Amino acid sequence: QVHLVESGGGLVQAGRSLRLSCAASGSILSIGLMGWYRQAPGKQRELVATITSGGRTDYANSVKGRFTISRDNPKNTVYLQMNSLKPEDTAVYSCNVNGRDTRYRVFDSWGQGTQVTVSS
C-alpha cells in the first residue's frame, strides 16, 4: 500500500508564495507520473501541474509562469512552488502519484489534500 502525505498549505496574502510537498511511502517499486490538482468550493477538481519520471512538466494555463512543479526521485517526493498567488488560487490542493508497488501492481494514489487560501 502506498501513502501520500502532503504539507505546506496555509493562508497567505495575494502576491506571496507557498511551497507544497507530497511524500510517497510504502511498498513502492517505481513512480511514474506525479501531479497536483485543486478543487475550489463549488467547482470541479482541475489539473494544476504534472511531472513525468523524466522531468517533463505540464501546467494549467492559469498557473503557467507562476507555479513550478518538481520532484525528488530518491525521496519519492513532489513539490509545487506557487509564486504570485492570486485569490482565485484558493482551493484544496491534492497530489496524485502513479507507479508500481513491490508486487508489480499499478497504483494510483491521492493525498489527503491541503488547503491553500489567498486573501486579497
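This passage describes the overall fold of a predicted model and then the surroundings of selected residues.

The protein contains 11 strands and zero helices. Read from the N terminus, the order of elements is therefore β-β-β-β-β-β-β-β-β-β-β. The radius of gyration is 14 Å, close to the 14 Å that the globule rule gives for 120 residues, so the protein is as compact as a globular protein of that length. The C-alpha trace spans about 50 × 25 × 25 Å along its principal axes.

Of the 120 residues, 41% are buried. The accessible surface amounts to about 6500 Å², and carbon and sulfur atoms contribute 45% of that surface. The protein carries 14 positive and 8 negative charges, and the mean positions of these two sets lie 2 Å apart. Among contacts with a separation of 6 or more, 55% involve residues 24 or more positions apart in the chain.

A search of the whole structure gives one disulfide. A disulfide is a covalent bond between the sulfur atoms of two cysteines. In this model the bond is formed by C22 and C95, with their sulfur atoms 2.0 Å apart. C22 lies in strand β3 and C95 in strand β9, which covers residues 91-101, so the pair ties together parts that are 73 residues apart in sequence. The torsion about the S-S bond of C22 and C95 is about 55 degrees, so the disulfide is right-handed. Both C22 and C95 are buried.

Strand β3, made up of residues 18-26, also holds S21. S21 has a relative accessibility of 17% and counts as buried because this value is under the 20% limit. With neighbours within four places in sequence left aside, the contacts of S21 are V5, E6, S7, W36, V78 and Y79.

One of these contacts, Y79, belongs to strand β8, residues 77-82. In sequence Y79 and S21 are 58 residues apart, whereas their C-alpha atoms are separated by 4.5 Å. Y79 has a relative accessible area of 13% and is therefore buried, the limit being under 20%. When residues up to four places away in sequence are not counted, Y79 touches R19, L20 and S21, together with W36. The list of residues touched by Y79 also includes T68, I69, S70, R71 and D72. W36 thus appears among the contacts of S21 and among those of Y79.

G35 is located in strand β4, which runs over residues 28-39. The relative accessible area of G35 is 2%, and G35 is classed as buried because the value falls under 20%. Apart from residues up to four places away in sequence, G35 touches A49, T50, I69, S94, C95 and N96. The contact list of G35 includes C95, the cysteine that forms the disulfide with C22. I69 is also in contact with G35 and is touched by Y79 as well. Between G35 and R71, which are 36 residues apart along the chain, the C-alpha separation is 9.7 Å. R71 is among the residues that Y79 touches.

Terms used:
Residues numbered from 1 in each chain as written. Predicted model: local features only at pLDDT ≥ 70, side-chain atom pairs only at ≥ 80, totals over all residues. Heavy atoms only, no water. Helix = DSSP H or I, 4+ residues; strand = E, 2+ residues; numbered from the N terminus. Buried < 20%, exposed > 50% of the residue type's maximum accessible area, 1.4 Å probe, protein only. Contact = heavy atoms within 4.5 Å. Rg over C-alpha atoms; globule rule 2.2 N^0.38 Å. Areas by Shrake-Rupley, 256 points an atom, 1.4 Å probe, with all protein chains shown as cover. Lys, Arg positive; Asp, Glu negative; His and termini not counted. Charge placed at Lys NZ, Arg CZ, Asp CG, Glu CD. Disulfide = S-S within 2.5 Å.
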